[in-house]
Amino acid sequence: MNYLTTKIMEWINVKDKLPENLETVFISNGNGWTSIGCLVQTNEGYHWAETNGIIYEENGKIVSECESDDLDVVLWFPFPDAPNKIN
């Protein structure tokens, strides 16, 4: 897919769908706060964590280390895959 055929994506409401466990995504409270974070699933349920600022590429994905928090997240947006290596 290139920039001419890229589908315009919308923010996803957490009531409609959740990201995969520990998937790095943009997160928002829907009221002026947006960050990078991930969903952390445990036996007790799940909570949202915010990035500690360390972002890197792993297995073709952009990932971030996240600190455990319990953030009020209502919207999330997926990260694109990491760019292909240029030869």
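**Exercise 1.** Describe how β3 and β4 are connected and paired.

*Solution.* β3 and β4 form a hairpin with 2 residues between them, where strands (E, at least two residues) are DSSP runs numbered from the N terminus. The model is predicted, so that local features need pLDDT of at least 70 and side-chain atom pairs count only at pLDDT 80 or more, while totals for chains, interfaces and linings use all residues. Residues are numbered from 1 along each chain as its sequence is written, and side-chain values use heavy atoms, with hydrogens and water left out. Next, β3 pairs with strand β4 (residues 45–58) in the antiparallel sense over 6 bridges, pairing being assigned if DSSP finds at least two bridges between two strands. Within this pair, C38 stands opposite A49 in β4.

**Exercise 2.** Characterise the hairpin of β2 and β3.

*Solution.* Strand β2 (residues 25–28) and strand β3 (residues 34–42) pair in the antiparallel sense over 4 bridges, and I27 stands opposite S35 in β3. Between the strands lie 5 residues, and in this hairpin G30 takes a positive phi near 75°.

**Exercise 3.** Locate D72 and decide whether D72 is buried or exposed.

*Solution.* D72 belongs to the loop between β5 (61–67) and β6 (75–78). Because its relative accessibility is 59%, D72 counts as exposed, the classes being buried under 20% relative accessible area, exposed over 50% and partly exposed in between (1.4 Å probe, protein chains only).

**Exercise 4.** State the element content and the buried share of the protein chain.

*Solution.* The protein chain has 0 helices (H or I, at least four residues) and 6 strands. Of its 87 residues, 29% are buried.
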